[in-house]
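Here are some short exercises to work through with the model open beside you. Try each task before you read its solution.

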Amino acid sequence: MADVVVLGAGIIGLTSALALQEAGAEVTVVAAEQPLDTVSAVAAAVWYPTRIDADPRVLGWGTRTFEVFKEEASSKTPGVTMRPTRMITRQATARPWWAPAVPDFSEEPGEWRFTVPAVEMVPYLAHLLDRFRRNGGTLNTREIQSFDDLDATTVVNATGLGAARLTGDEHLYPIRGQVVVVENPGLTTSIRDEHHPLGPVYIHPRSRDVVLGGTFEVGDADRTVRPATAEAIIERTTQVEPRLAGARILQHLVGLRPARHGGPRVEVEDRIIHAYGHSGAGMTLCWGTAEEVARLARET
Ligand SMILES: Cc1cc2nc3c(=O)[nH]c(=O)nc-3n(C[C@H](O)[C@H](O)[C@H](O)COP(=O)(O)OP(=O)(O)OC[C@H]3O[C@@H](n4cnc5c(N)ncnc54)[C@H](O)[C@@H]3O)c2cc1C
């Protein structure tokens, strides 16, 4: 396979770079931000197709990604685990379109229960970068203004929201997400209550902390932390899980999800393979997307 430049060092760029290396390509990653400075590092990050429409392609990528993370959880890959989840449904709701990807999905009165991969993105992104470098890859930190700045045979465009400027794609838009990270008072089960009267609730325990969310602010590109939003998140998550009362706050985080009308763009355009627009589901869809990128590169 020809040499490839992957543009972007978030979860989509790094998993694509690894899938391409495994397919025999020599890969360079070029990115304005290092992995730990990307939106990907802010993600909670739990397998769940958030803010993404039902689509057979998405179900296929999600199913494959679930399988890869499940294997990684059993081989103790840094940051990867399987997390039991309770999802409060509040109103009668049809079985979700993504249920076929989740082997133990069950419907109980007032809630769905399932076990899904959960990934601590900071150690996981560091692990992916390390794997990429051990395979002989290099990461160059720089912002490019145009694909013409890159003289590779094949370029993978994994720039998330940055793709709007590079491609002129008007279907891309931000969905702002703010979360609060607190000390873990002993929680082990994720809870989702998307239709809580005070606003969307998610509570995702990790090894040492718990991610409390969240917000879905469509079209809002403000990356600063809003104290009032943080207070409201703490109030409603504590209402759902009283053991959170008084938990010490460790961090406030904000990220912009790269949402796209029509779903993620994963397709070839001349020498460019686009792979962006994964909305609130970049971790959920990453390995399936990466394998498709590698398949497209082989055919290009
Ligand atoms: C609060 C929050 C919670 C979330 N929780 C989850 C979750 O539980 N599960 C889940 O699946 N997803 C979750 N997400 C969504 C997930 O974070 C995104 O879908 C994912 O990070 C997108 O990854 P990406 O690689 O496409 O983009 P990014 O992580 O944004 O990476 C883009 C890369 O492209 C580079 N780039 C852009 N433009 C240029 C340029 N011109 N030149 C050079 N480099 C460029 C950037 O520097 C960066 O390296 C969450 C998001 C937020 C904000």
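**Exercise 1.** Find how helices H2 and H6 are oriented to each other.

*Solution.* H2 and H6 are roughly perpendicular to each other, a label for angles of 65 to 115 degrees. To see why, start with the axes: those of H2 (residues 56-74) and H6 (residues 282-299) cross at roughly 105° and come within 6 Å. Next, look at who touches whom, with contact meaning heavy atoms within 4.5 Å. H2 contributes residues including Trp 61, Val 68 and Phe 69, and H6 residues including Leu 285, Trp 287 and Glu 291. Finally, sort the residues of this contact: eight are nonpolar, five polar and four charged.

Before going on, note that this is a predicted model, in which local features need pLDDT of at least 70 and side-chain atom pairs pLDDT 80 or more, while totals for chains, interfaces and linings use all residues. Residues are numbered from 1 along each chain as its sequence is written, and side-chain values use heavy atoms, leaving out hydrogens and water.

**Exercise 2.** Which side chain of opposite charge is nearest to Arg 192?

*Solution.* Begin in strand S9 (residues 190-193), where Arg 192 sits. Arg 192 is buried (under 20% relative accessible area). The nearest side chain of opposite charge is Glu 194, 4.2 Å away, and Arg 192 has no salt bridge (a side-chain nitrogen of Lys or Arg within 4 Å of a carboxyl oxygen of Asp or Glu). Beyond four places in sequence, its contacts include Tyr 48, Arg 86 and His 204.

**Exercise 3.** Where does Arg 51 lie?

*Solution.* Arg 51 is in the loop between strand S2 (27-31) and H2. Leaving aside neighbours within four places in sequence, Arg 51 contacts Ile 175, Phe 216 and Ser 279.

Key: Axes fitted to C-alpha atoms, helices over the stretch in contact; angles between N-to-C directions. Helix = DSSP H or I, 4+ residues; strand = E, 2+ residues; numbered from the N terminus. Parallel < 35°, antiparallel > 145°, perpendicular 65-115°, else oblique. Nonpolar A, V, L, I, M, F, W, Y, C, P; charged D, E, K, R; others polar. Buried < 20%, exposed > 50% of the residue type's maximum accessible area, 1.4 Å probe, protein only. Lys, Arg positive; Asp, Glu negative; His and termini not counted.
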